[in-house]
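Student: I would like to learn how to read a predicted model feature by feature. Could you walk me through this one?

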Amino acid sequence: MKVERGEVEHVALLARLKLSEEEKEVFTSQLNAILDYMEKLNALDTGAIEPTFHVVSHCNTMREDEVQGSLPQEASLENAPDRAQGCFRVPKII
Amino acid sequence: MYRLTIHELHERLKRKEVSSQEVTKALLERIREVDPRIKAYLCVTEQKAREGAQEADQRIATGQISPLTGVPLAIKDNMCTQGITTTCASKILENFVPPFDATIVKRIKEQGGIIIGKTNMDEFAMGSSTENSRFTTTRNPWNLDAIPGGSSGGSAAAVAADECIAALGSDTGGSIRQPAACCGVVGMKPTYGLISRYGLVAFGSSLDQIGPITKDVEDCAILLNAIAGHDPLDSTSIDLPLPDFRKALVKDIKGWVLGIPREFFVQGMDPAVEEKVWAAIRTLEGMGAKVKEIALPHTGYAVATYYIICTAEASSNLARYDGVKYGFRAPGSPELMAMYLETRSQGFGQEVKRRIMLGTYVLSSGYYDAYYRKAAQVRTLIKADFEKAFQGCDVIVTPTAPTPAFRLGEKVQDPLQMYLSDIFTISVNLAGVPAISIPCGFSKGGLPIGLQIIGRHREEGRIIQAAYTFEQNTDYHTKRPELSC
């Protein structure tokens with residue numbers, strides 16, 4: 001097995017996911033099966049190949065730094081699970 | 001009336017033989033009648049649709065009519081519709097009401113198109129069967145025990161069952177084309193960047209594209225005309241003039257070279273798919289096209305490449321779902337980290353969590369080069385395969401899916417098996433080229449089979465022409481499933 005449970009727990013925390021004990025078991029074995037399958041990419045010699053991150057020919061679309069419309073505060077707060085004083089309210093951080 | 005296509009309805013509306021309100025009413029009745037069995041819709045926007053139809057009729061009365069005016073359309077539930085819930089079939093967005101319209105929705109509304117409802121999908125577009133929806137299971141109108149395909153299964157089923165005149169879906173690894181094939185309708189993923197992604201909930205940003213799901217190829221061209229084009233709000237959208245895609249509705253492929261990739265036609269193929277797809281290729285040959293075997297040598301690496309790239313991008317895109325500003329928030333958390341963990345764990349389904357885990361892993365320190373960067377390099381090779389192949393052929397013709405629609409429940413336990421069912425559609429997204437799926441026959445069990453036609457970058461016109469030529473010389477597009485009460 002390539003990926004150990006400890007690593008699965010670490011990745012889950014990075015992803016802000018809380019996994020049950022059962023999920024940790026299942027994910028560990030599924031992730032390993034999937035990553036095993038992905039080993040096949042190592043058969044390819046890609047040493048000199050440039051990676052493709054975009055399939056469009058342009059990049060860095062810019063515009064002038066002018067103030068344009070934006071979402072009004074009320075509309076922004078419409079879906080808030082909890083709000084106070086025009087802000088989103090969340091449980092304490094520390 | 002609900003059986004009409006966009007172009008048929010447009011003609012009748014123009015001649016005032018029928019009103020948009022009548023058609024909308026007929027469709028709402030149709031939905032009431034069949035959707036309890038099909039479950040294509042997550043939400044039917046009855047009131048808004050009636051109002052839209054009324055406005056459209058007023059517009060038509062003053063002589064202002066364009067192809068979409070008064071036409072009821074279904075929209076996959078991952079495209080933001082102002083004032084209408086947009087859930088991505090996920091608990092984490094179960095009550096989310098966008099304060100804005102996606103650009104494509106805005107364009108549809110400007111032309112007087114009517115949104116009749118939001119369709120079911122795999123959660124966050126992750127899946128190939130629509131079984132990953134948190135809310136309901138859509139069924140294939142041709143066989144209620146079969147999948148409608150995914151992730152745009154709701155849209156494809158709605159079109160096949162005449163529960164809308166046409167629909168929009170999204171395609172990241174085949175999510176328009178494969179359900180279109182499963183449901184016997186037309187589905188197109190255009191060139192990456194042709195259609196604005198503003199307001200499309202992001203899954204794999206370098207792969208996602210919105211596209212039409214329609215009853216015939218002409219409707220596909222009409223929808224493309226209506227929604228394609230540069231959008232300053234989407235920095236990946238192509239800023240070049242667009243052709244009129246309806247000009248490609250020409251029944252002629254004489255002299256065209258059809259590239260048949262040997263890697264897509266292997267030993268042990270599903271016999272129904274093999275038979276019908278080869279029959280379709282022979283039909284195209286009979287219309288004057290030439291067949292040429294080509295190679296797409298890196299096809300075997302496409303699934304692995306895709307599932308590294310799309311999960312990596314998804315892990316980043318889905319980091320925003322944290323219960324802070326919108327959507328579901330797990331109640332009762334004493335502090336912020338607990339809230340994040342509870343919200344995301346309760347809010348996301350298994351497949352979404354699995355892909356987030358995979359994506360986070362392949363991007364994490366120590367693994368980025370081995371997986372993500374490596375996959376991006378293989379992506380270059382896959383893209384180059386297409387460029388090289390297209391030097392010797394005009395379009396590439398393949399099956400859309402390796403099998404007809406499989407049974408509900410058949411592949412849910414084995415994620416890898418599910419991933420492998422995307423094998424024919426995935427490389428197209430990696431390369432960013434356009435592709436269309438059209439019906440080309442049925443299996444012995446009466447399930448539809450799809451033919452995929454792939455074109456060069458920005459050559460939608462070519463694939464439309466090839467698809468139209470095939471369609472108009474066959475009658476698969478006239479077939480409808482029997483939906484007895």
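Tutor: Gladly. Helices here are DSSP runs of H or I with at least four residues, strands are runs of E with at least two, and both are numbered from the N terminus. Please keep in mind that this is a predicted model. With that naming, α5(B) is followed by B:Asp162, whose phi is positive, near 55°.

Student: How many helices and strands does chain B have?

Tutor: Chain B comes to 15 helices and 11 strands. Chain A has 3 helices and 2 strands, which follow one another along the sequence as α-α-α-β-β.

Student: What does the radius of gyration say about chain B?

Tutor: The general idea is to compare it with a rule for globules, 2.2 Å times the number of residues to the power 0.38. For the 485 residues of chain B, a compact globule would come out near 23 Å; chain B has 21 Å, which agrees. The C-alpha trace of chain B spans about 65 × 55 × 45 Å along its principal axes. Among contacts in chain B between residues at least 6 apart in sequence, 76% join residues at least 24 apart.

Student: And what is the radius of gyration of chain A?

Tutor: Chain A has 22 Å, but a compact globule of 94 residues would be near 12 Å. Its C-alpha atoms fill a box of roughly 55 × 45 × 20 Å along the principal axes. Burial is worth reading alongside: buried residues make up 16% of the 94 residues in chain A, and 62% of the 485 residues in chain B.

Student: How should I read the sheet, and in which order do its strands lie?

Tutor: Strands of a sheet pair through backbone hydrogen bonds, either parallel or antiparallel. In chain B, an open sheet of 11 strands runs β1-β3-β2-β4-β6-β5-β10-β11-β9-β7-β8, with mixed pairing. Its edge strands are β1 (41–44) and β8 (290–294) of chain B, each paired on one side only. From one strand to the next, the twist averages 30°.

Student: Where can I see each kind of pairing?

Tutor: For a parallel case, take β2(B) and strand β3 (residues 114–119) of chain B, joined by 5 bridges; there B:Lys76 stands opposite B:Thr119. For an antiparallel case, strand β4 (residues 166–171) and strand β6 (residues 209–214) of chain B are joined by 5 bridges, and B:Ala167 stands opposite B:Ile213.

Student: Are the faces of β2(B) covered or uncovered?

Tutor: In a regular strand the side chains alternate between the two faces of the sheet. In β2(B), B:Pro72, B:Ala74 and B:Lys76 are on one side and B:Leu73 and B:Ile75 on the other, and all are buried, so both faces are covered.

Student: How many residues of helix α5 of chain B are buried?

Tutor: 8 of its 8 residues, 153–160, are buried. They include B:Gly153, B:Ser155 and B:Val159.

Student: Which residues have the most contacts inside the largest nonpolar core?

Tutor: In soluble globular proteins, nonpolar side chains tend to be buried together. The largest nonpolar core here has 172 residues, and those with the most contacts inside it include B:Leu73, B:Val159 and B:Ile464. The element that gives the most to this core is α9(B), with 10 residues. Beyond its neighbours within four places in sequence, B:Ile464 is in contact with residues including B:Val217, B:Phe245 and B:Leu249.

Student: How many residues of chain B are in contact with chain A?

Tutor: 54 residues of chain B are in contact with 38 residues of chain A. The elements of chain B that give two or more residues to this side are α9, α10, α11, α12 and α13. The largest share, 11 residues, comes from α12(B). By type, the side of chain B that touches chain A divides into 28 nonpolar, 15 polar and 11 charged residues.

Student: Which backbone details deserve a look?

Tutor: Start with the cis peptide bond that joins B:Gly150 and B:Ser151, where omega is about 10°. B:Ser151 lies in the loop between β3 and α5 of chain B. Next, B:Lys39 has a positive phi of about 55° although it is not a glycine; its place is the loop between α2 (20–38) and β1 of chain B. A:Gln85, also not a glycine, has a positive phi of about 50° and sits in the loop between β1 (83–84) and β2 (87–88) of chain A.

Student: Why does B:Lys39 count as buried or exposed?

Tutor: A residue is buried if 20 or more other C-beta atoms lie within 10 Å of its own, and exposed if 12 or fewer do. B:Lys39 counts as buried because it has 22 C-beta neighbours inside 10 Å. A:Gln85 is exposed because 5 other C-beta atoms lie within 10 Å.

Terms used:
Residues are numbered from 1 along each chain as its sequence is written. Chains are lettered from A and ligands numbered from 1 in the order in which they are written. This is a predicted model: local features need pLDDT of at least 70, side-chain atom pairs count only at pLDDT 80 or more; totals for chains, interfaces and linings use all residues. Two strands pair if DSSP finds at least two bridges between them. Axes are lines fitted to C-alpha atoms, for helices over the stretch in contact, and angles run from 0 to 180 degrees between N-to-C directions. Two residues are in contact if their C-beta atoms, placed from the backbone, lie within 7 Å. Ala, Val, Leu, Ile, Met, Phe, Trp, Tyr, Cys and Pro count as nonpolar, Asp, Glu, Lys and Arg as charged, and the others, Gly among them, as polar. A nonpolar core is a set of buried Ala, Val, Leu, Ile, Met, Phe, Trp, Tyr and Cys residues joined through C-beta atoms within 7 Å.
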